[in-house]
Amino acid sequence: ERGYADDISSNNNNNNNKPIEEPKFDPNLNDDDRERIRQDRLDAAEARLKKHEPTTKRKKKQSDSSSPPLRGPNSENLMRWNA
C-alpha cells in the first residue's frame, strides 16, 4: 500500500527524470559559425546571471547639519512620562 510520502517522492522524481535530448549536429555549420553560436549563448547566459544579481543599494545623502531639527506637534513624542 502506498502512502502520502510515497506519492510526494514519486512526483519529485518524475520532474527530475526528463529525457536528455541528443546533441544536434548540423553538417552545414563550419567552425566559425559554431564559435559564433557559442559566444551568443555565453553572452545570453551572462546577461541572465547579471539580471538576477542583487543590485547595490544607493547610499543615502547625508543631511546638512545646518538644517534645524523638526518642530511641531507631529515631531514630538506621543506619550509624556512623568518621573
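**Exercise 1. Is Leu 78 buried or exposed, and what is its relative accessible area?**

Before you start: this is a predicted model, where local features need pLDDT of at least 70 and side-chain atom pairs count only at pLDDT 80 or more, while totals for chains, interfaces and linings use all residues. Residues are numbered from 1 along each chain as its sequence is written, and side-chain values use heavy atoms, with hydrogens and water left out.

*Solution.*
- Step 1: Get the scale. Buried means under 20% relative accessible area, exposed means over 50%, and partly exposed is in between (1.4 Å probe, protein chains only).
- Step 2: Read off the value. Leu 78 has a relative accessible area of 85%, so it's exposed.
- Step 3: Place it. Leu 78 sits in the segment after α2, the helix that spans 31-52. Helices here are DSSP runs (H or I, at least four residues), numbered from the N terminus.

**Exercise 2. Find the residues that make a nonpolar surface patch with Leu 78.**

*Solution.*
- Step 1: Know the rule. Patch residues have over 30% relative accessible area and no salt bridge, and nonpolar side chains (Val, Leu, Ile, Met, Phe, Trp, Tyr) are joined within 5 Å.
- Step 2: Name the members. Leu 78 teams up with Met 79 and Trp 81, and the patch covers about 500 Å². Areas come from the Shrake-Rupley method with a 1.4 Å probe, and for residues only the protein chains shown count as cover.

**Exercise 3. Track down salt bridges in helix α2.**

*Solution.*
- Step 1: Recall the idea. Side chains of opposite charge can pair when their charged atoms come close. The cut-off is a side-chain nitrogen of Lys or Arg within 4 Å of a carboxyl oxygen of Asp or Glu.
- Step 2: Start with Arg 34. Its side chain meets that of Asp 31 at 3.5 Å, N to O. Both lie in α2, 3 residues apart, about one turn of the helix. Asp 31 is exposed, at 60%.
- Step 3: Go on to Arg 38. It bridges to Glu 35, with the closest N and O atoms 3.7 Å apart. These two are about one helical turn from each other because they're 3 residues apart in α2. Arg 38 is exposed at 52%, whereas Glu 35 is partly exposed at 44%.

**Exercise 4. Which residues are linked in a network of salt bridges?**

*Solution.*
- Step 1: Look at Arg 36 and Asp 33. Their closest N and O atoms are 3.9 Å apart, and they form a salt bridge.
- Step 2: Check exposure. Arg 36 is partly exposed at 45%, and Asp 33 is partly exposed at 24%.
- Step 3: Complete the network. Asp 33, Arg 36 and Asp 40 are linked.
- Step 4: Check the total. The structure holds 4 salt bridges.

Key
Patch = residues over 30% accessible without salt bridge, like charges linked within 9 Å, V, L, I, M, F, W, Y side chains within 5 Å.
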